[in-house]
Amino acid sequence: MRKFNLATLLIFMLACSVSFATDVDKAGVESAEFSSRAYKVLQEIEPDFSKLNPTQDVAEYNAQLRQIAEAEDFKEQAVKRPTLDFGNISFKQQAVNMVSILQTKLDCRNSTYETNYRTDLENSENEELADPYYSKLKTGNDVFNFTLDYNGGGDNVGNNSIRQSNRTVCIGHADRVKSLINGEAYKQVTGKDLYIGRVAYSCKKDVQQEEKYLAQLRANEALQNIMLGNELVRVKVVDHNRRDKRSAFSDLPIFSAVIMARELLSTAKIKAKEFWHVDGGYHIFTKIKGNRIQNIQNIISKYKDAHKNDITRLMAEKDINELEAFKELAQRLVDAQ
């Protein structure tokens with residue numbers, strides 16, 4: 001009898017373990033399916049930045065470019081380069097302004113107003129090598145030069161460089177990133193040659209450098225906004241002079257994913273390293289398109305888990321399903337920006 005009971009118990013335990021594993025697998029599949037459907041929801045609610053209005057100073061700046069770009073000799077025009085105030089506006093408005101500026105530059109490119117991709121830009125103090133009408137953006141205590149670094153060819157129609165006027169921080173180019181990784185250019189957190197570029201998100205050769213870099217980034221929200229705006233604008237603009245040439249990543253819901261990630265970072269639901277580094281599970285700015293989509297879906301999954309009580313409440317209050325409740329939360333988040 002005891003042998004029979006033991007055998008029965010073993011069979012029961014095995015059946016339970018198989019059932020548990022099946023339940024876990026099923027939950028994983030359901031979670032992946034939800035994230036895939038929710039990804040399409042984010043695509044639906046992603047703002048159309050081309051239809052949103054820039055601030056007045058940016059509108060006037062763009063109008064000046066359109067006027068002088070029609071002149072016979074651009075270089076003889078009296079170019080006024082006002083410092084555009086990005087310090088007292090929302091992140092969404094910053095993004096709108098940056099898209100508006102770069103889109104205007106692309107629309108105005110012609111034989112009079114020429115911009116170029118210049119590999120030697122990083123070794124020069126002169127933004128006009130690439131863009132004779134580069135912009136100056138003030139946020140926090142910093143002024144950044146915003147340059148269209150594009151020659152009218154290639155796939156990166158929104159290629160741009162953003163670097164601090166006093167060269168403390170440089171964003172947007174990978175040319176000098178090697179020197180950051182091996183430490184040659186990294187003097188101190190606020191040193192002259194601290195470069196923060198898209199590839200430099202993965203400055204993991206030296207753990208101490210990495211921690212200093214991330215600490216600076218966490219402490220400077222204005223810098224974060226400029227960096228994120230830089231990544232967003234490069235995929236949101238269109239070269240109408242090349243049959244509406246777009247970035248291959250233009251359909252990604254970058255803005256919606258970024259603001260979800262910002263909330264998750266602020267509440268420590270994800271780590272800065274997981275978002276900023278190219279190998280992070282929530283990094284959405286580099287590697288192939290499939291990787292970016294997967295990591296956006298990872299952000300969606302984490303955001304859903306963080307707001308499961310809100311989603312459950314909305315489902316009960318409005319008699320809607322889980323995906324509809326998620327969409328309402330996501331729409332509120334986008335609108336609040």
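This report describes a predicted protein model, from its overall make-up to a few aromatic and charged side chains.

## Overall make-up

The protein has 337 residues, and 48% of them count as buried. Its secondary structure comprises 11 helices and eight strands.

Contacts often span the sequence. Take the contacts between residues at least 6 apart: 65% of these join residues at least 24 apart. The protein exposes about 17,100 Å². Carbon and sulfur atoms supply 49% of that area.

## Gln224 and its contacts

Gln224 belongs to helix H6, which covers residues 221-236. Is Gln224 buried or exposed? Its relative accessibility is 14%, under the 20% cut-off, so Gln224 counts as buried.

Which residues does Gln224 touch, leaving aside neighbours within four places in sequence? They are Leu217, Arg218 and Trp276. Trp276 also appears in the next section, as part of a ring pair.

## Aromatic pairs

The structure holds seven aromatic pairs. One of them joins Phe275 and Trp276. Their ring centres are 5.1 Å apart. Their planes meet at 75°, over the 60 degrees needed, so this pair is edge-to-face. Both partners are buried: Phe275 has 0% relative accessibility, and Trp276 has a relative accessible area of 3%.

Tyr303 and Phe326 form another edge-to-face pair, because their planes stand at 85°. Their ring centres are 6.4 Å apart. Where do these two residues lie? Tyr303 is in helix H9 (residues 289-306), and Phe326 is in helix H11 (residues 322-336). The pair therefore ties together parts that are 23 residues apart in sequence. Tyr303 is buried, at 2% relative accessible area. Phe326 is buried too, at 0%.

Tyr303 and Phe326 also belong to a cluster. Ring pairs link them with Phe34.

## Charges over rings

Two arginines sit over phenylalanine rings. Arg262 places its charged end over the ring of Phe91, 4.7 Å from the ring centre. Arg292 does this with Phe249: its charged end is 3.6 Å from the centre of that ring.

## In brief

Gln224 is a buried residue of the model, and Trp276 is among its contacts. Trp276 pairs edge-to-face with Phe275. Elsewhere, helices H9 and H11 are tied together by Tyr303 and Phe326, and Phe34 joins these two in a cluster.

Key: Residues are numbered from 1 along each chain as its sequence is written. This is a predicted model: local features need pLDDT of at least 70, side-chain atom pairs count only at pLDDT 80 or more; totals for chains, interfaces and linings use all residues. Side-chain values use heavy atoms; hydrogens and water are left out. Helices (H or I, at least four residues) and strands (E, at least two) are DSSP runs, numbered from the N terminus. Buried means under 20% relative accessible area, exposed over 50%, partly exposed in between (1.4 Å probe, protein chains only). Contact means heavy atoms within 4.5 Å. Accessible areas come from the Shrake-Rupley method with a 1.4 Å probe; for residues, only the protein chains shown count as cover. Rings of Phe, Tyr and Trp (its six-membered ring) pair if their centres lie within 6.5 Å; planes under 30 degrees apart count as stacked, over 60 as edge-to-face and the rest as tilted. A charge sits over a ring if NZ of Lys or CZ of Arg is within 6 Å of the ring centre and within 35 degrees of the ring normal.
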